[in-house]
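I set out to keep a short record of what I looked up in one structure. The entries follow the order in which I worked.

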Amino acid sequence: MFDQTKAPIIETLKNLSQKSHAPFYTPGHKQGKGIAQPLTDLLGTKVFPADLPELPELDNLFTPNGVIQESQELAAETFGALETKFLVNGSTTGIIAGILATCGNGDKIILPRNIHQSIISGLILSGAIPIFIHPDYESDWDIHLSVTPKSIAQTLAKYPDAKAVMIVYPTYHGVCGDITAIAQEVHKYNIPLLVDEAHGPHFAFHSELPTPALVGGADLTVQSIHKVLGAMTQASMLHLGSQRIDSYRLNQALQMLQSSSPNYLLLASLDAARQQMSLFGQELMSQTIQLANDARNRISQLPNFSIFDKEERRKKFEGKSLTSLTGESELLTNDCEEGSWKSGAIFSIPNYPIENYFNPGFIALDQTRLTIKVSNIGLSGYEADEILHQELGVTCELPSFQHLTFIISIGNTKADIDQLVTALTSLRSRSRVNLPIHHRKKLDLDMIYFSIPVSPRDAFFAHKNCLPIEESLGHISAELICPYPPGIPVLIPGEIITEKHLQIFEQVLRFGGIITGCSDPSLKTIKVSRF
């Protein structure tokens with residue numbers, strides 16, 4: 001057991017920043033004396049004396065044996081990891097490093113199609129071949145769910161030479177699949193399960209939240225501590241959960257990807273966030289969950305607003321058989337325990353909850369992630385977001401065509417929830433509920449068909465042609481193009497461009513979304529790979 005009241009990096013930075021000496025080392029501002037006045041006006045003067053380089057007392061991020069090592073060990077104990085690595089270049093660094101540590105050029109990796117663009121970068125750098133799985137899809141909301149244990153098992157049976165499986169858990173909207181069952185399927189092949197858990201670092205601190213990835217059996221998971229906990233933007237952690245990951249190869253990858261001059265303010269924020277959650281995590285998350293439940297209850301009473309919820313999806317499938325949902329001939333049979341059912345057709349787990357049969361891609365929802373459908377009041381999510389942000393003093397995390405997603409975290413207050421409810425009430429007064437139904441049609445983001453004849457790496461480094469977008473059909477994309485946020489690519493290097501891709505791009509732009517990654521911001525032209 002470690003002393004979780006300690007904050008080694010913060011304590012050392014504090015002592016060094018107060019030490020009187022003549023600094024003949026980087027950074028050039030020399031503890032703030034050379035900082036431009038506008039930045040001092042913005043941030044004050046206290047922060048700059050702590051902006052220090054790798055002095056002997058501050059350890060080395062890549063070969064730690066001092067305060068960084070101690071702080072990482074404290075974090076590993078707090079989050080339940082065998083080993084924890086601090087990331088100063090964001091979760092993107094950890095995702096790419098995880099792929100480089102497990103896959104080489106030509107190796108296969110199984111992953112869902114609703115991956116973050118950082119994973120595509122990992123494929124390009126490693127040369128790994130993606131074997132994509134369709135995640136479940138909630139068409140009523142245009143929301144991708146999780147991949148299922150069955151789809152993982154089927155894909156592994158088809159590609160038993162795969163070197164790793166990576167999943168997104170939770171999704172941007174807080175959806176969690178059955179990570180325990182997925183891990184069991186993956187480990188049958190003695191390969192690692194990598195998890196993009198960027199939005200789930202808080203799961204470890206309250207029993208009402210979904211199962212943490214490490215508890216579910218993840219071998220490596222990457223968490224954006226800054227997204228929902230108390231670290232500064234760009235500060236993340238990578239956790240190891242087993243010996244299936246080559247630690248030496250992972251360290252090499254991290255050293256290639258991370259800055260050789262890590263920002264100690266970011267490292268200190270990870271140290272502080274760990275200490276805070278270790279000492280007060282359950283209390284803070286109880287308060288956060290209470291705020292989230294209050295928001296859900298109050299908003300659900302507002303006419304024409306719908307809240308994305310697991311219970312709603314369960315009711316949708318209630319009373320249906322496995323035949324109608326999966327093609328299996330066996331019906332569910334009561335197991336004589338209330339709320340529990342079993343069947344040998346799909347799962348061998350006894351007393352498997354009935355909703356997990358019907359929702360294998362959606363068995364839990366992070367209730368601190370609030371997604372509200374606004375299309376029923378005649379506004380797109382993009383339009384609603386602009387009004388809320390510009391006029392009503394409320395800013396969401398993610399606007400989409402039909403809905404808005406809000407992150408409720410340990411930093412939110414009851415006043416924030418009150419302002420959100422007030423703003424949504426005001427938004428209703430601007431509604432256009434009598435618009436013809438075709439004005440409210442959804443943006444279908446379900447990528448039903450895709451074909452990747454060459455690896456993302458080969459497509460990225462191939463010679464390229466620039467074509468008018470309407471002439472690109474059937475060509476191999478050389479670009480990674482995605483609406484942002486959430487940064488889920490619609491088109492990746494190596495993928496054949498289809499009419500569906502162009503329709504999605506056109507709709508996103510028409511309804512006010514932003515598309516990133518394309519060399520032509522207007523998307524009138526696109527680069528294709530030439531072989």
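These entries concern a predicted model, and they cover its aromatic rings, one sheet and one residue of that sheet.

**Entry 1: aromatic pairs**

I searched the whole structure for aromatic pairs and found five. One of them joins F79 and F205, with an edge-to-face arrangement, 5.4 Å from centre to centre and 85° between the planes. I then looked up where these two residues lie in the chain. F79 belongs to helix α3 (residues 67-79), while F205 lies in the loop between β8 (193-196) and α8 (213-216). The pair therefore links distant parts of the chain, as F79 and F205 are 126 residues apart.

Are the two rings buried or exposed? F79 has a relative accessible area of 7%, and because buried means under 20%, I recorded F79 as buried. F205 is buried as well, with a relative accessible area of 9%.

I next noted the pair formed by F460 and F461, which is edge-to-face too, with 5.0 Å between the centres and 85° between the planes. For F460, the relative accessibility is 37%, so I entered this residue as partly exposed. F461 reaches 54% and counts as exposed.

**Entry 2: a ring cluster and charges over rings**

Which residues do ring pairs link into a cluster? I found W141, F308 and F362. W141 came up again when I looked for charges over rings: the charged end of K373 sits over the ring of W141, 4.6 Å from the ring centre. I also recorded R113, whose charged end sits over the ring of F132 at 5.4 Å from the centre of that ring.

**Entry 3: the sheet**

I turned to an open sheet of seven strands, in the order β1-β10-β9-β8-β6-β2-β3, and its pairing is mixed. Which strands stand at the edges? They are β1 (83-87) and β3 (129-133). Each has a single partner strand, so one side of each lacks a neighbour in the sheet. From one strand to the next, the twist averages 20°.

I then followed the edge strand β1. It is joined by five bridges to β10 (residues 236-240), and the two strands run antiparallel. Within this pairing, T84 has H239 of β10 as its bridge partner, and K85 stands opposite L238 in β10. Helix α3 packs on the sheet and touches β1, β9 (220-223) and β10. The direction of α3 makes about 115° with that of β1.

I asked how many residues of β1 are buried. The count is four of the five, so β1 is largely enclosed by the rest of the structure. I noted this beside its place at the edge of the sheet.

**Entry 4: residue S236**

I chose S236, which is found in strand β10. Its relative accessible area is 0%, so I recorded S236 as buried. What is S236 in contact with, leaving aside its neighbours within four places in sequence? The contacts include K85, F86 and L87, and also S91, Q223 and L270. With S91, there is a polar contact of 3.0 Å between the side chains. Last, I looked up the separation of S236 and L267, which are 31 residues apart along the chain. Their C-alpha atoms are separated by 9.1 Å.

Technical notes
Residues are numbered from 1 along each chain as its sequence is written. This is a predicted model: local features need pLDDT of at least 70, side-chain atom pairs count only at pLDDT 80 or more; totals for chains, interfaces and linings use all residues. Side-chain values use heavy atoms; hydrogens and water are left out. Rings of Phe, Tyr and Trp (its six-membered ring) pair if their centres lie within 6.5 Å; planes under 30 degrees apart count as stacked, over 60 as edge-to-face and the rest as tilted. Buried means under 20% relative accessible area, exposed over 50%, partly exposed in between (1.4 Å probe, protein chains only). A charge sits over a ring if NZ of Lys or CZ of Arg is within 6 Å of the ring centre and within 35 degrees of the ring normal. Two strands pair if DSSP finds at least two bridges between them. Axes are lines fitted to C-alpha atoms, for helices over the stretch in contact, and angles run from 0 to 180 degrees between N-to-C directions. Contact means heavy atoms within 4.5 Å. A polar contact is a pair of N or O atoms within 3.5 Å; within protein, one must be able to donate a hydrogen and the other to accept it, and residues adjacent in sequence count only if both atoms are side-chain atoms.
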